Structures are given as C-alpha cells and as structure tokens.
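Let's take a walk through this structure together, looking at how its helices are held to one another. Have the sequence and the coordinates open as you read.

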Amino acid sequence: YLMMMEHGAGAYAAALHLLAEADRRPTVYFCMAGKDRTGVFSAVLLGVLGVPDDTIVADYVLTHEVIDAIHARTRAARPDIDDVWDHLPPEMLGAHATTMTDLATLVRDRFGSWRGYARGIGVADATLDALHAQLVV
C-alpha cells in the first residue's frame, strides 16, 4: 500500500484537492473491491483530517466482513481473476487490521504523519485546512 501511495501520489493529491474544492457537495470515490485504492485513499483522507489510526484501521476492516461477496462479484465479472489473485500475497485478498496498522506505521515512520505524506505529495496546508473545514463538524 505504501508503494501504491508513492506511485499514485499525483492521483491522491488531485483527489484531495478536488474534495477540498467540493464546497460540501456530495462526492463519491470507489474502485473494484473498495479496499485497496479506495481503502488507502480513505485512510489518507481520514488521517489528514486527524482521525486516530485505530479508527482508520477499524473502518478499513469493515470491508473484510463482506469480502466473500466482493470476491464473488468480481469473479462473475472477471472469470479469469483468480489467475491474478494467485500471484498476490494472501493479505491482499482480505482487509486485515494488520495491513492498515502496518501502513499507518510506515506513513508515520517515513512522513511523520498523514498530513506529512500529503504535504510531501504537494498538498498545501491551505488545502488540508479547507478539507478539515468542509468535512469535520
């Protein structure tokens, strides 16, 4: 996931900017399973808003409760997906607490904080403050 954050830094920065400019309009973001790209972006967003890591982890693992249904839906749409999944580490096939806990630790070790990551990918404090003003009540 950290590699995803580094390689997708431009997309994450653009998404944070877009949300900061949304003027409280409803916004939806998603990916196929809703736990990897979406889960990581949700962690970044929650983290820059000041949500504690344990709450971010708890939010992430909610997906694990429905992972079998997600896998079934994906298999129906892409019957060859098991060929892809067979090459992934087992922890990538679920939404395990340790995966997100480890990511939060890596973010803090490498960037100091979630806001530090956002600043490192070019998101200004003014944008982060605008996000907080719009999304935290």
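A good place to begin in this predicted model is the salt bridge between D129 and R115, where the closest N and O atoms are 3.2 Å apart. D129 belongs to helix α9 and R115 to helix α8, so this pair ties together parts that are 14 residues apart in sequence. How open to the surroundings is D129? Its relative accessibility is 44%, and because buried means under 20% and exposed over 50%, D129 counts as partly exposed.

R115 has a further partner to look at. Its side chain also meets that of D125 in a salt bridge, with 3.7 Å from N to O. Here again the link runs between helices: R115 sits in α8 (residues 114–120) and D125 in α9 (residues 125–135), so the two tie together parts that are ten residues apart in sequence. D125, with a relative accessible area of 36%, is partly exposed.

If you step back from the individual pairs, you can follow the shared partners from one residue to the next. Salt bridges connect R115, R119, D125 and D129 into one network.

How many salt bridges does a search of the whole structure find? The count is seven. One of them pairs E6 with R110, and the closest N and O atoms of that pair are 2.2 Å apart. E6 lies in helix α1 (residues 2–7) and R110 in helix α7 (residues 97–111), so this bridge ties together parts that are 104 residues apart in sequence. Both ends can be placed by their accessibility: E6, at 36% relative accessibility, counts as partly exposed, and R110, at 48%, counts as partly exposed too.

Now turn from charged pairs to helix packing. Helix α2 (residues 9–20) packs with helix α3 (residues 37–48) at an angle of about 55°, and their axes are 11 Å apart. Angles of 65 to 115 degrees would count as roughly perpendicular and those under 35 as roughly parallel, so α2 and α3 are oblique to each other. Their crossing is right-handed.

Which residues make the contact between these helices? From α2 come Y12, A15, L16 and L19, while α3 supplies R37, V40, F41, V44, L45 and V48. Sorted by class, the contact of α2 with α3 has nine nonpolar residues, one charged residue and no polar ones.

Methods:
Residues are numbered from 1 along each chain as its sequence is written. This is a predicted model: local features need pLDDT of at least 70, side-chain atom pairs count only at pLDDT 80 or more; totals for chains, interfaces and linings use all residues. Side-chain values use heavy atoms; hydrogens and water are left out. Axes are lines fitted to C-alpha atoms, for helices over the stretch in contact, and angles run from 0 to 180 degrees between N-to-C directions. Helices (H or I, at least four residues) and strands (E, at least two) are DSSP runs, numbered from the N terminus. Angles under 35 degrees count as roughly parallel, over 145 as roughly antiparallel, 65 to 115 as roughly perpendicular and the rest as oblique. A crossing is left-handed if the near helix is turned anticlockwise from the far one by less than a right angle, and right-handed if clockwise. Contact means heavy atoms within 4.5 Å. Ala, Val, Leu, Ile, Met, Phe, Trp, Tyr, Cys and Pro count as nonpolar, Asp, Glu, Lys and Arg as charged, and the others, Gly among them, as polar. A salt bridge is a side-chain nitrogen of Lys or Arg within 4 Å of a carboxyl oxygen of Asp or Glu. Buried means under 20% relative accessible area, exposed over 50%, partly exposed in between (1.4 Å probe, protein chains only).
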